[in-house]
Structure formats: structure tokens, C-alpha cells
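Open the model in your viewer and keep the sequence panel visible. The stops below go from the whole chain down to single residue pairs, and then out again to the domains.

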Amino acid sequence: MLKIKLLKNFSWPLKIATQEIEITRLYPEKMMELPAAERGIHELDATTCIGCSSCARVCPNNCIEMVHFKFGSPLKNKKMQFPQIDFGRCMFCGLCVDECPVECLKMGKKVIMAGWERKDIIKGPEFLATKRFSAKEVTDLEAEGKRIAAEKAAAKKAADAKKAAEAKNASKEGAADANGAAKKKAAATEAKPKEGGAA
Ligand code: SF4
Ligand code: SF4
């Protein structure tokens, strides 16, 4: 009985040695394959984020803060505010992702976030943004924004001027009508005594 037990105990190390069965992995060099539904570190598309703060508002652990990031779209995100996540508090519930109205936030597959200090696991858009604009693209978008604003201002000015001109014309016509009516009334008043005299 003892012999059988001993043989069994030796058979396992022999199997490992001969068949190269993996017992431990050389982490982090060798990562395990993550399941499809794995919720890892968030990924942000800074080119479409509108800076609405919905993700920050819905977070049950209050771990999202909106911070400035200059490589987003100044046309879509006028204040250039993007989420920064404190992974020391995050429970990876995914509510922020579900709440995002433009689907620019998703749970990624990266899971390594260790750091030496507490602040190392607070990750801003610089780290989270997997899609971002270049500095030149941001400058072009800003110029485009200014052009659109100038066009809108010019269109508004033209519309206001047209309205004012129409109002002026209307008041002129009104005055002319009133003048005509007054003349007619005066003529009618002059005509009345004659009619009375004839009767
Ligand atoms: S996954 Fe959940 S806890 Fe983490 S930032 Fe999003 S809403 Fe907050
Ligand atoms: S990530 Fe989504 S929910 Fe959060 S600020 Fe950007 S657009 Fe809004």
C-alpha cells in the first residue's frame, strides 16, 4: 500500500518533467488568456468623447473625475474635459461604459496597473485614450470651430438686419395707411354737411 502511494507521488513530478505540463506561469512575461467578457482597464476614444460627465455621475464609487486633455475634439468637447479613473476605487462594474451616450468608453483587456504609490493607479486620459488626435489635428479642428462660429455670427447679423429692415418697412406702410385713412375720414367729414343741407 505504501509502495503504491510512493509511486503515485513520484509519478506526478515525472509526468511534469517529461511532458512539460505548465504549473506556474512566468508572470508578467507570460499572461494567461483572458475570457472574452473580461473587464479590464477602461479604453477611451478621445476623438468622440463629448465631455458630458455622465460616466462620472453614474459611477457608484465616485472614482471618475473630469480632467483636461488637449488631444480630443474641440468641436465635440468644448471644455476639453475627459474622464480620469481612480482604479484604487474602481470595482469594474461597467456602469460608466453603459451610460456613455456616444459609446466612447469601453472595458479593455489590459489588467496590469500596479504602481509603487497610490497615485500610480489613478489613470487619466493620457493613459486611457486609445484613440486621440494629434496636435496638428487639434489645431485644424480649432480653426474649423472658429470658422463655423464666424459663419454663424455673420448669418445671425444678416438675419437681424433683415428683420430690422422688414420692421422699418412695416412701420412705414403702417404710417402711410394711417395717413390715407385720416385723409379719407377728413374728406367724408367735409362731405357730410352738404348732404344734410340738401335734405
Ligand atoms: S467601472 Fe464602475 S466603479 Fe469603475 S469607474 Fe466605471 S462606474 Fe465607476
Ligand atoms: S466618456 Fe462618455 S460619458 Fe464620459 S464624458 Fe466622455 S462622452 Fe460623456
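This tour covers the chain, the ligand site, three strands and the two domains, in that order.

**Stop 1: the whole chain.** Show everything as a cartoon; the model is a predicted one. Colour by secondary structure and you should find 5 helices and 6 strands. Read from the N terminus, these elements follow the order α-β-α-β-β-α-β-β-α-β-α. The radius of gyration is 38 Å, well over the 16 Å that the globule rule gives for 199 residues, so the chain is more spread out than a compact globule. Turn the view along the principal axes: the C-alpha atoms fill a box of roughly 150 × 40 × 30 Å. How many of the 199 residues count as buried? The share is 12%. Now display contacts between residues at least 6 apart in sequence; 75% of these join residues at least 24 apart.

**Stop 2: ligand 1.** Select ligand 1 and show the side chains around it. Cysteines in this shell are Cys59, Cys63, Cys90, Cys93 and Cys96. The surrounding residues also include Asn61, Ile64 and Ile85, along with Met91, Phe92, Gly94 and Leu95. Which classes make up the shell? It divides into 10 nonpolar and 2 polar residues, with no charged ones.

**Stop 3: strand S3 and its partners.** Select residues 81–86, which form strand S3. Is this strand mostly covered or mostly open? It is mostly covered, with 5 of its 6 residues buried.

Add residues 64–68, strand S2, to the selection; S2 pairs with S3 in the antiparallel sense over 5 bridges. To check the register, label Glu65 and Gln84, which stand opposite each other.

Next add residues 122–123, strand S5. S5 also runs antiparallel to S3, and 2 bridges join this pair. Here the residues to label are Asp86 and Ile122, again opposite one another. While the side chains are on display, keep in mind that in a regular strand they alternate between the two faces of the sheet.

**Stop 4: the two domains.** Colour residues 39–133 as domain 1 and residues 134–177 as domain 2. Taken over C-alpha atoms, the centres of the two domains are 38 Å apart. Where they meet, 6 residues of domain 1 are in contact with 7 residues of domain 2. On the domain 1 side, the touching residues comprise 4 nonpolar, 1 polar and 1 charged.

Note on methods:
Residues are numbered from 1 along each chain as its sequence is written. Chains are lettered from A and ligands numbered from 1 in the order in which they are written. This is a predicted model: local features need pLDDT of at least 70, side-chain atom pairs count only at pLDDT 80 or more; totals for chains, interfaces and linings use all residues. Helices (H or I, at least four residues) and strands (E, at least two) are DSSP runs, numbered from the N terminus. The radius of gyration is taken over C-alpha atoms; the globule rule is 2.2 Å times the number of residues to the power 0.38. A residue is buried if 20 or more other C-beta atoms lie within 10 Å of its own, exposed if 12 or fewer, and partly exposed in between; C-beta atoms are placed from the backbone. Two residues are in contact if their C-beta atoms, placed from the backbone, lie within 7 Å. A residue is near a molecule or strand if its C-beta atom, placed from the backbone, lies within 6 Å of it. Ala, Val, Leu, Ile, Met, Phe, Trp, Tyr, Cys and Pro count as nonpolar, Asp, Glu, Lys and Arg as charged, and the others, Gly among them, as polar. Two strands pair if DSSP finds at least two bridges between them. Domain bounds come from an automatic or database domain assignment.
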